[in-house]
Amino acid sequence: MSAARDHNLRNLLAPEQLRARLERESGERITLSFYRYVLLHEVVALRNELYTEWEALSVLGRVYLAGEGINAQISLPTSNVERFRKLVDDRPEFRGVPFKIAVDGTAASFLKLTIKAKKKLVADGLTDGAFDVTNVGEHLTASAFNDRMAAGATVVDMRNNYESVIGHFEGALLPKADKFHGALKEVVERLAGQQAEPVLLYCTGGIRCEKASAYLKHHGFSNVGQLHGGIIDYAHQVKREGLDNRFKGRNFVFDGRMAERISEDVVSTCMQCGVVSDRIANCLEESCNLLLVQCEACATKYNDCCSPSCREIHQLPGAVQHAWRKGRVTRSTLTKAISDPDELRQRIREEEELLALNGTLHPELTSITSRPISAP
Ligand SMILES: [Zn+2]
Ligand SMILES: [Zn+2]
């Protein structure tokens, strides 16, 4: 395939154009996800084929392909779902893969279509071949999961700390780690000596449990169950079958919606002031971008920022902000979350004091603000 054609197989529009395009759409969109561990060959060629086919159906979202399978989080016009289903089923490697429909998926979840060829579907930090990844746990329906929970099995949340903070199963073990690899090690450590006891795993859509259950079994756990289809499908089954909902709060999702509400319970507190809240947001100071739980009142007070020092920058005229950021390292776009609210509150207290004393938290700003600034 020529370089010129490859060039067309990706998004070339700016975010404003993407947003405008989405707003011009008349019909409804549906958000859905699916994954399958399956041996794929010629991943780059497949990636280009899928991009062409799916773009034609106005699919937006984030898709990962690897030699070990596919993981897709997408939105598409409801009117195209049937044709999309057929496209997917026409490929033997993806035939019949279950779609998990988002619980409140009508809001704009994605702006563009990205399909990436990667080495692995889930960045697990594990060495290939270290254990048998096909020796997974028992896949459980929502009702079976509830039954085993009621019978006393240990429930383990396989997601990162910033995901489980705003919603989780009642009584679940919540790893403190902010990466999958760390969570795996932590779970094995915390459940040491309980290898013979029943363990239940869950995650957002089920994909991380495929690896996690095999990892636990490799470490001697003999009775491992996993929630099939994850929290997303649990919520659907609960509704459809009138089951008892044991998941409290909101389900963190990796798209523009940030989270979907599964129950009315609020299980977390504002990381800045401590009131009950499960509103999550990224610090709006773009060189920071930290993810935090922040109540409405604090969002107003801190100008949608994580701290007084970020607020101070964020309040400056655009041109000054631009000059200040020049040459500074900005945080990567990977999700970075605040994991220690006490530390954050301490930092806020110290910054408020310094601010009252000096009038600024960034003394180096005076050199920027005192000279004329040309528009960027
Ligand atoms: Zn607050
Ligand atoms: Zn910040």
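**Exercise 1. In this predicted model, find how strand β9 (residues 199-202) and strand β10 (residues 224-227) pair, and place them in their sheet.**

Step 1. Start with the pair itself: β9 and β10 run parallel and are joined over three bridges. To see one of these contacts, go to V199, whose bridge partner in β10 is V224.

Step 2. Now look at the neighbours. The two strands belong to an open sheet of four strands, ordered β6-β10-β9-β7, with parallel pairing. At its edges are β6 (138-140) and β7 (154-157), and each of these pairs on one side only. Leaving direction aside, neighbouring strands of the sheet are turned by 30° against each other on average.

Step 3. Finally, add a helix. Helix α8 (residues 207-218) packs on this sheet and touches β9 and β10. Its direction makes about 170° with that of β10.

**Exercise 2. Work out which residues of helix α5 (residues 142-150) are buried, and where around the helix they sit.**

Step 1. Pick out the buried residues: A142, F145, N146 and M149.

Step 2. Recall a helpful rule. An α-helix has 3.6 residues a turn, so residues three or four places apart point the same way.

Step 3. Check the rule against the model. The buried residues cover an arc of only 100° around the axis, which puts them on the same side of α5.

Step 4. Ask what lies over them. The cover includes β6, β7, β9, β10 and α9 (230-241).

Step 5. Look just past the helix, where G152 takes a positive phi of about 105°.

**Exercise 3. Describe the open sheet of five strands and say which strands stand at the edges.**

Step 1. Write down the order, which is β4-β1-β3-β2-β5, and note that the pairing is mixed.

Step 2. Take the ends of that order. β4 (100-101) and β5 (113-117) each have a single partner strand, so one side of each has no neighbour in the sheet.

Step 3. Zoom in on one pair. β1 and β3 (residues 69-77) are antiparallel over nine bridges. Within this pair, L32 stands opposite I74 in β3.

**Exercise 4. Locate E42 and N303, two residues with a positive phi that are not glycine, and decide how exposed each one is.**

Step 1. Keep the background in mind: most residues other than glycine have a negative phi.

Step 2. Take E42, with a phi of about 50°. E42 sits in the loop between β1 (29-37) and α3 (43-55). There are 11 other C-beta atoms within 10 Å of its own, and the cut-off for exposed is 12 or fewer, so E42 is exposed.

Step 3. Take N303, with a phi near 55°. N303 is in the loop between α10 (296-301) and α11 (308-314). With 16 other C-beta atoms within 10 Å, N303 is partly exposed.

**Exercise 5. Step back and describe the protein as a whole, from its domains to its radius of gyration.**

Step 1. Begin with the domain assignment, which gives domain 1 (3-117), domain 2 (138-249) and domain 3 (280-369). The C-alpha centres of domain 1 and domain 3 lie 35 Å apart.

Step 2. Tally the secondary structure: 14 helices and 14 strands.

Step 3. Consider the overall dimensions. Along its principal axes, the C-alpha trace spans about 65 × 55 × 40 Å. A compact globule of 376 residues would have a radius of gyration near 21 Å, and the 23 Å of this protein agrees with that.

Step 4. Finish with the interior, where buried residues make up 35% of the 376 residues.

Conventions. Residues numbered from 1 in each chain as written. Chains lettered and ligands numbered in written order. Predicted model: local features only at pLDDT ≥ 70, side-chain atom pairs only at ≥ 80, totals over all residues. Buried ≥ 20, exposed ≤ 12 C-beta atoms within 10 Å, placed from the backbone. Domains from an automatic or database assignment. Pairing = 2+ DSSP bridges. Axes fitted to C-alpha atoms, helices over the stretch in contact; angles between N-to-C directions. Contact = placed C-beta atoms within 7 Å. Arc of directions from axis to C-beta. Rg over C-alpha atoms; globule rule 2.2 N^0.38 Å.
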